[in-house]
Structure formats: C-alpha cells, structure tokens
Amino acid sequence: MEEKTTLLTPEYNASDEIDLKEIIVQLWEKRRFILMVTGVSFLVGIFIAFTSPVSYTASCTVVPQTSQKGGGNLGGLASMMGINLGSAMSGETLSPTVFPHIVKSVPFCKEIMTTPLTVEKSNEPITLYEYYTDKRYGDKSLLQGIKKYTVELPGIILSSFRPKNAGNEVSSVYTDSLTGKIISLTKDEKKVYDIINKNIQFESNPKDGYIKLGYTFAEPDAVAVITQRLYNVLEKYVKNYKIQKEQDNLKFVEASYREARQDFLLNQANLAAFQDANRGLATATARSTERRLSSEYDIAFTVYNELAKQLEQAKLAVKESTPVLTVIDPVVVPQQKSAPRRGMILAVFLFLGLIVGIGWVLVKPFVQDIAKSVKK
C-alpha cells in the first residue's frame with residue numbers, strides 16, 4: 001500500500017483575521033465616547049493656545065567677509081630670503097563656523113544682558129538682565145501661573161528655605177574659549193544666561209554664504225532692539241579678531257623692516273668702504289669682490305624698500321575700519337506673533353484626541369480579556 005503523506009499546514013482560524021467591518025461597527029457604536037474625548041482634547045488645546053505667552057521673533061541676515069590671502073611680490077621675495085609672510089599678509093577673519101560658539105558664549109551673553117530696553121511695564125529704560133530677574137516684568141499669563149503652582153511648586157518650596165542672599169552667590173564658573181579667562185556667574189546671571197541662550201536663534205547657510213541671527217521676546221519693539229544688539233556685539237567680536245590679526249601683522253612687518261634696514265646699512269657701508277679702499281680696481285679679485293658686494297647691496301636694498309612699503313600698508317590696515325559683516329536683510333520690528341501658533345496647537349490636540357479615543361475603543365476589549373484571565 002502506498003503510504004500517504006500529509007502536509008502539516010497551520011489551521012485557519014477565522015477569529016485571527018481582522019474584520020474591518022466589525023471594527024467600523026465597534027467605532028460607530030462608541031462614537032459618542034470618541035467625540036467626547038476629542039472634544040475634551042480640543043478644549044485643552046484651546047486653553048493652551050489662548051493662555052500661552054505671546055512672543056515675537058526678529059532677525060537679520062548678514063554675509064561674513066571671507067579671508068583673502070596673498071602677499072604680492074613681497075611674499076615671493078620674502079620666501080626667497082627665508083621669510084614666511086603667508087599668515088601675516090592673509091587678512092584673516094573669523095570663520096563663520098565659529099559664530100555659533102561666539103553667540104552662545106558667556107562673555108557674549110553677558111554683554112547682551114546689558115542691552116537697554118523700553119518695555120510696556122516700565123516708564124524708563126531697563127536692561128535685559130533686569131527684565132528677566134525682576135518679578136515686575138515677568139510674564140504673568142494664566143498658563144504660567146498654573147505651571148508655577150504645579151510643576152514648579154517643589155522648587156518654590158525648597159527656595160523658601162534658602163538664604164535671601166543666595167542669588168548673589170557664585171553658581172557657575174566658565175572658561176572663555178577665545179581669551180582663556182575664567183568667568184564666574186551668579187545664580188541670577190546663570191538663569192538669565194540660560195534664557196538668552198534659549199531665545200537666541202542662529203542659522204548658517206554655508207552653501208549660499210550667509211548667516212541669520214535672531215531673537216525671541218515678548219514685545220515687538222524690544223525684540224528688534226535686542227536683535228540689533230546681537231548683530232552689533234557679534235560684529236565687534238569679529239572686528240576685534242581681525243584688528244588683532246592686523247596688529248600682529250604690523251608687529252611682524254616692523255621687526256622684519258628693522259632687520260632689513262640694518263642689513264641694508266651694513267651692506268651699504270661695506271660696499272662704500274671697499275670702493276674707497278680700491279679706487280683703481282687694478283686686479284680681477286678686486287673687481288669680483290666689488291660685484292659681490294654690489295649684488296648683496298642691491299638685494300638688501302630691494303628687500304628693505306619692499307618692507308618699507310609694506311610697513312606703511314600695514315599701518316593703514318590697522319587704522320582703517322572695514323566692515324566684516326555685510327547686512328543684506330536688516331532688523332525690522334515684527335508685526336506678527338511667532339508664538340503661540342494657535343492653529344497648529346488646535347490641530348494637534350484635535351488629532352491627538354481623535355487618536356486617543358479610537359485607540360481606547362479598540363484596545364479596551366483586549367485589556368478586559370487580560371484582566372479576566374489574571375483574575376482566573
């Protein structure tokens with residue numbers, strides 16, 4: 001007899017298949033619950049959207065000046081003489097890749113803290129530091145009040161047991177990456193430093209060669225003032241770096257000029273003394289020595305003359321003030337709010353409520369089955 005073989009196949013279970021019609025019917029039966037959850041979520045979105053603090057954002061777009069290297073004829077001549085003027089004659093500026101580190105640095109933010117502002121709650125100009133540390137100017141929106149007495153309540157309770165002068169104590173110590181100096185911040189300064197860092201906006205576009213600098217604040221006129229201050233301080237940092245490089249270049253050229261002048265005077269004196277002592281030039285040795293001394297004198301004079309010209313150029317470069325950041329889109333007072341984005345908030349909470357309601361209706365039977373099995 002032939003032995004029949006049977007293939008082992010998984011049994012088909014109709015209950016394992018997802019019945020789309022059954023899901024739709026189940027959702028339709030629970031439509032009131034889904035609409036209720038969606039409505040509650042939408043109301044929460046309305047509350048958050050209309051109680052969140054209002055803020056404005058101002059920005060400016062600038063093009064950094066690129067470094068241009070080249071020392072002209074002097075560079076080639078100096079290289080023949082064993083002098084490297086490449087770095088000294090480069091006109092080097094700060095790379096735009098360093099700008100984000102500058103605007104987030106402690107010295108930069110400390111300068112921004114001193115920005116004078118005119119806000120609605122003050123009749124006279126105040127600094128940005130005073131705005132962030134004085135309770136009179138703080139944001140008192142309903143959402144902030146709820147957050148203060150819920151999420152931030154433990155911190156408020158703990159701060160009530162601290163000494164009153166705790167805000168004047170040193171909280172953090174930083175090392176400036178540009179100067180190497182150690183900078184200390186009090187607790188209030190550290191708080192303001194963190195707020196400024198959070199509100200500064202920096203965008204770099206290496207492909208098109210521009211950077212965008214901005215700031216977010218509660219009032220439109222004040223945010224324009226702060227953004228302009230950001231640009232001015234950044235420009236000062238870049239200019240100081242370039243001026244420092246030009247001053248170093250001037251010192252280098254001055255030292256090279258003094259050496260070249262001494263060498264020129266020495267060769268001039270040697271040639272003149274030889275010619276006075278050998279007026280007839282009767283021998284070939286004397287004529288050969290004169291040609292050698294004359295050649296050394298010509299080379300020394302050429303180097304001395306070129307360095308004298310370059311010294312004057314270096315002096316002018318230190319004195320002149322050339323822009324290193326060209327503004328292509330200046331700061332303007334914003335007319336529209338940047339936050340809260342109420343339409344986006346309402347759409348997100350509406351979608352979130354719908355997903356939560358549908359998800360609970362579909363998951364609830366499985367949760368009930370698991371609970372029953374656990375009880376058994």
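**View 1. Pairing of strand 6 with strand 7 in the predicted model.** In this predicted model, Q201 has G214 of strand 7 as its bridge partner. The two strands concerned, strand 6 and strand 7 (residues 210-217), pair in the antiparallel sense, and six bridges connect them.

**View 2. The open sheet and its edges.** Four strands make up an open sheet, in which the order is 6-7-1-8 and the pairing is antiparallel. The edges are held by strand 6 (200-205) and strand 8 (325-329), each of which has a single partner strand, so one side of each is left without a neighbour in the sheet. From one strand to the next, the twist averages 30 degrees. As a general point, strands of a sheet pair through backbone hydrogen bonds, and they may do so in either the parallel or the antiparallel sense.

**View 3. Strand 1 between strand 7 and strand 8.** Strand 1 runs antiparallel to strand 7 and is joined to strand 7 by seven bridges; at one position along this pairing, T57 stands opposite T216 of strand 7. Strand 1 also pairs with strand 8, again in the antiparallel sense, over four bridges, and here P64 has L325 of strand 8 as its bridge partner.

**View 4. Helix 10 across the sheet.** Helix 10, which spans residues 220-277, lies across strand 1 (56-64), strand 6, strand 7 and strand 8, and its direction is at about 140 degrees to that of strand 7. The wider setting is a chain whose secondary structure comes to twelve helices and eight strands. Among contacts in the chain between residues at least 6 apart in sequence, 72% join residues at least 24 apart.

**View 5. Surroundings of A300 in helix 11.** A300 is found in helix 11, which covers residues 284-319. With a relative accessible area of 4%, A300 lies under the 20% cut-off and is therefore counted as buried. When residues up to four places away in sequence are left out, A300 touches D263, F264 and N267. For F264, which is 36 residues away from A300 along the chain, the separation between the two C-alpha atoms is 4.8 Å.

**View 6. Aromatic rings and a charge over a ring.** The structure holds ten aromatic pairs. One of them is formed by Y131 and Y132, whose rings meet edge-to-face, at 5.5 Å centre to centre and with 75 degrees between the planes; both Y131 and Y132 are buried. Elsewhere, ring pairs link Y257, F264, Y297, F301 and Y304 into a cluster, and F264 of this cluster is also among the residues that A300 touches. A further view of an aromatic ring shows W28, over which the charged end of R31 sits, 4.2 Å from the centre of the ring.

**View 7. Two buried cysteines in a structure without disulfides.** In general terms, a disulfide is a covalent bond between the sulfur atoms of two cysteines. A search of the whole structure finds zero disulfides. C60 has a relative accessible area of 3% and is therefore classed as buried, while C109 likewise counts as buried because its relative accessibility is 0%. Across the chain as a whole, 30% of the 376 residues count as buried.

Definitions and conventions. Residues numbered from 1 in each chain as written. Predicted model: local features only at pLDDT ≥ 70, side-chain atom pairs only at ≥ 80, totals over all residues. Heavy atoms only, no water. Pairing = 2+ DSSP bridges. Axes fitted to C-alpha atoms, helices over the stretch in contact; angles between N-to-C directions. Contact = heavy atoms within 4.5 Å. Phe/Tyr/Trp six-rings, centres within 6.5 Å; stacked < 30°, edge-to-face > 60°. Buried < 20%, exposed > 50% of the residue type's maximum accessible area, 1.4 Å probe, protein only. Lys NZ or Arg CZ within 6 Å of the ring centre and 35° of its normal. Disulfide = S-S within 2.5 Å.
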